[in-house]
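User: Please take a close look at the ligand site in this model. I would like to know what surrounds the ligand and which contacts hold polar atoms.

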Amino acid sequence: MKKLLLPFLLISAMTMAQKKYVMVIHGGAGTITKANLTPEKEKEYRDKLIEALQKGYSELKNGKSSLDAVTTAIMVMEDSPLFNAGKGAVFTNEGKNELDASVMTGNNLKAGAVAGVTTIKNPILAAKAVMEKSEHVMMAGKGAEDFAKLQGLEIVDPNYFWTEKTWNSLQKMKAKESEKKTSATQQKQPDYFLIDQKFGTVGAVALDKNGVITAGTSTGGMTNKKYNRIGDSPIIGAGTYANEQVGLSGTGWGEFFIRTVASKTAADRMKFLKENVKNASQASIDEIGRLGGNGGIIALDKDGNIAMPFNTEGMYRGAVTDKGEIEVLIYK
Ligand code: ASP
């Protein structure tokens, strides 16, 4: 009798532990600690992440595509001033907001992206339009804006993206930069050492009832960026990637995600090395860390397994299961 009971207990414990996730999101990684987040702010972030997951999940539950779920969840975060995407996008050195976004569907390897746009309210919708309505994958600047307008997307005055928080971050960073210039000992450090230690990019990966995985990412880039700098978020394979097996979205110091082709590398590790989603995405973050970069990545595979590794203090992140159970996390 005892002999029979043990395997049974093991199996039921295993099936209980095996949750199937259908969506995972992030709202940026960085120096996010309990000490520098008030309980009120923490609640605001949690509530917004939950709202994004709820809205994304209800698309999936209603039989809509993972593309619909991803764009819906990302729009919730783009419309909030809490994150560095859409409304809350950070300022460039020139005091502008230049936004980047991309999306990719895994079953057909279709992708769309926009970079350096200044008037599109929801860049993720523009990325989706590039994917669905054009023969291109990436559009930039004014051309992307003209295209978005033709597609009937909402165009806003660039002032829409102004927030006190992001404006003050730019002023602080500029002050630090001029301090640095007067200090001879630090002159060799690149400007990005002045980053405000928080990357608020948003991203989502979803798996729909047809087994199709979609990944998307949207960002304002990095505060004080110069010369129309473009990060990893709109670059397929770096900040966003999806194939039949897995979807990924990154947040962090974009240059390192580009140099390591972070998302595609993790997907390839799964495909060619047969690694699981956790080890493959962790390997991408480890490589970024070895090179001196930081950030995090979210991943969801075709069986509903997720991974959310990061090498910063925290990452706004969350996931929802096929039963609609929501989990939201912030700190390490
Ligand atoms: N990865 C983004 C970039 O480098 C920044 C972020 O994640 O917040 O543009």
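Analyst:
**The ligand site**

In this predicted model, an oxygen atom of the ligand is 2.8 Å from a polar side-chain atom of Thr251. The protein covers 100% of the 270 Å² of accessible area that the ligand has on its own. Thr201 also offers a polar side-chain atom, at 2.6 Å from an oxygen atom of the ligand. At Gly200 the contact comes from the backbone: a polar backbone atom of Gly200 is 3.3 Å from an oxygen atom of the ligand.

As for the wider setting, the ligand sits in the largest cavity. The ligand is surrounded by 13 residues. The closest are Thr201, Arg229, Asp232, Thr251 and Gly252. Thr201 and Thr251 are thus named twice here, once among the closest residues and once each for a polar side-chain atom by a ligand oxygen. By residue class, the shell around the ligand holds nine polar residues, two charged and two nonpolar. Arg229 and Asp232, both among the closest residues, belong to the charged class.

Elsewhere in the chain there is an open sheet of four strands, in the order β8-β9-β10-β11, with antiparallel pairing. Its edge strands are β8 (240–242) and β11 (306–307), each of which pairs on one side only. β11 pairs with β10 (residues 295–301) in the antiparallel sense, over two bridges. In one bridge, Leu300 has Ile306 of β11 as its partner.

How values were computed
Residues are numbered from 1 along each chain as its sequence is written. This is a predicted model: local features need pLDDT of at least 70, side-chain atom pairs count only at pLDDT 80 or more; totals for chains, interfaces and linings use all residues. Side-chain values use heavy atoms; hydrogens and water are left out. A residue is near a molecule or strand if one of its heavy atoms lies within 4 Å of it. A polar contact is a pair of N or O atoms within 3.5 Å; within protein, one must be able to donate a hydrogen and the other to accept it, and residues adjacent in sequence count only if both atoms are side-chain atoms. Accessible areas come from the Shrake-Rupley method with a 1.4 Å probe; for residues, only the protein chains shown count as cover. On a 1 Å grid over the protein atoms alone, a cavity is a set of points where a 1.4 Å probe fits but cannot get out, and a pocket is an open set with protein on both sides within 12 Å along at least five of seven lines; lining residues have an atom within 4 Å of a point. A molecule sits in a cavity or pocket if more than half of its atoms lie within 2 Å of its grid points. Two strands pair if DSSP finds at least two bridges between them.
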